[in-house]
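This report looks first at a pairing of charged side chains and then at the surroundings of the ligand. The sequence and structure are shown below.

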Amino acid sequence: MDLGPTTLAGLGGSRWHVRPLRHHGAVRGALTLRKPAGEPLKADEERLLGDLVAQTGLVIAHEAQRAELQSAARRIVTAQDAARRRVERDLHDGAQQRLVTLGLELGMLAQHAEAAGDAELASRVKGARSQLLEATSELRELARGLHPSVLSQAGLPEALGTLADRSPVPVRLDVDLNCRPPAEVEATAYFLVSEALTNATRHAGASLVTVALAHVESGLRVEVSDDGKGGARLGDGSGLQGLADRLSALGASLELDSPRGGGTRLRTVVPCA
Ligand SMILES: Nc1ncnc2c1ncn2[C@@H]1O[C@H](COP(=O)(O)OP(=O)(O)O)[C@@H](O)[C@H]1O
Ligand SMILES: [Mg+2]
């Protein structure tokens, strides 16, 4: 195949003047100029075509770089999620199980001490056991923050249900999914809802939060609205900015609508196959 400037005979006696567009040595497309047969390219037309080829080449190069950056960011998010899931599983199957067994053992010890009439020992063992239970529940919270096991095991509707159940502000859930989204999309939707519920509780003084998820043509639409005081701003804290970064790695953007006195609405559509 000839990759240099080419002139082709076309229909109706016209001529196509073709200039290949290259990126990293590979031909990515071509610019063509059609002229009547027998009319050669004038010098300024040649120059114009040359300039267009150069500029279009730059646009192609930028687009290729943007796509490379995007997929690198996506790979980072996916790898981070996988690492968090692994640590969560290790904590769950390892430390948490051992602490639960230890708790049972301390409970039995306290009973023995009581039966033996050693009230002081019994009360000290009970004290140690209740500290152990607190530490276990702190560890469980930490693991859940890393990656909730209910999400990987049961999917988004169940995981969002547990978020709603734990939320101090009442939540109306409207989840309408006809298939399971990819893991990184699920995790992103989960973290968005989790952050929005925390914000509604911590900053908004809201009395109701509405969470709506649905598949639309371009992906998974996630929308969370509260009826609180509004005035949220990206970049004033780390939560919303972190979400915006995560979404942009997946080719989505975070829409924030939060007029003062008018509640807060977060919305995005995460592309997914
Ligand atoms: N739902 C909300 N209602 C009112 N204000 C909010 C809401 N969400 C966030 N904000 C405000 O926007 C800031 C940025 O939010 P965020 O990035 O989540 O940071 P933070 O870590 O403080 O929660 C918050 O500090 C808060 O002042
Ligand atoms: Mg926050």
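## A salt bridge along a helix

In this predicted model, E63 and R66 form a salt bridge, in which the closest N and O atoms are 3.1 Å apart. The two residues both belong to helix α1, which covers residues 43-115, and because they are 3 residues apart in that helix, about one helical turn separates E63 from R66. Side chains of opposite charge can pair when their charged atoms come close. A search of the whole structure finds 15 salt bridges.

## Where ligand 1 sits

Ligand 1 takes up the space of the largest pocket. The elements that contribute two or more residues to the shell around ligand 1 are α5 (183-204) and α6 (239-249), and of the shell's contributors α5 gives the most, with 5 residues.

The shell residues divide by character into 3 nonpolar, 7 polar and 5 charged. Of the 15 residues around ligand 1, those that come nearest are E195, N199, H203, D226 and L240.

## Polar contacts to the ligand

Which atoms of ligand 1 lie 2.8 Å from a polar side-chain atom of D226, and which from a backbone N or O atom of L240? For D226 the partner is a nitrogen atom of ligand 1, whereas for L240 the partner is an oxygen atom of the ligand. N199 also approaches through its side chain, with a polar atom 2.9 Å from an oxygen atom of ligand 1. Taken alone, ligand 1 exposes 530 Å², and the protein buries 83% of that area.

Conventions
Residues are numbered from 1 along each chain as its sequence is written. Chains are lettered from A and ligands numbered from 1 in the order in which they are written. This is a predicted model: local features need pLDDT of at least 70, side-chain atom pairs count only at pLDDT 80 or more; totals for chains, interfaces and linings use all residues. Side-chain values use heavy atoms; hydrogens and water are left out. A residue is near a molecule or strand if one of its heavy atoms lies within 4 Å of it. A polar contact is a pair of N or O atoms within 3.5 Å; within protein, one must be able to donate a hydrogen and the other to accept it, and residues adjacent in sequence count only if both atoms are side-chain atoms. Accessible areas come from the Shrake-Rupley method with a 1.4 Å probe; for residues, only the protein chains shown count as cover. On a 1 Å grid over the protein atoms alone, a cavity is a set of points where a 1.4 Å probe fits but cannot get out, and a pocket is an open set with protein on both sides within 12 Å along at least five of seven lines; lining residues have an atom within 4 Å of a point. A molecule sits in a cavity or pocket if more than half of its atoms lie within 2 Å of its grid points. Helices (H or I, at least four residues) and strands (E, at least two) are DSSP runs, numbered from the N terminus. Ala, Val, Leu, Ile, Met, Phe, Trp, Tyr, Cys and Pro count as nonpolar, Asp, Glu, Lys and Arg as charged, and the others, Gly among them, as polar. A salt bridge is a side-chain nitrogen of Lys or Arg within 4 Å of a carboxyl oxygen of Asp or Glu.
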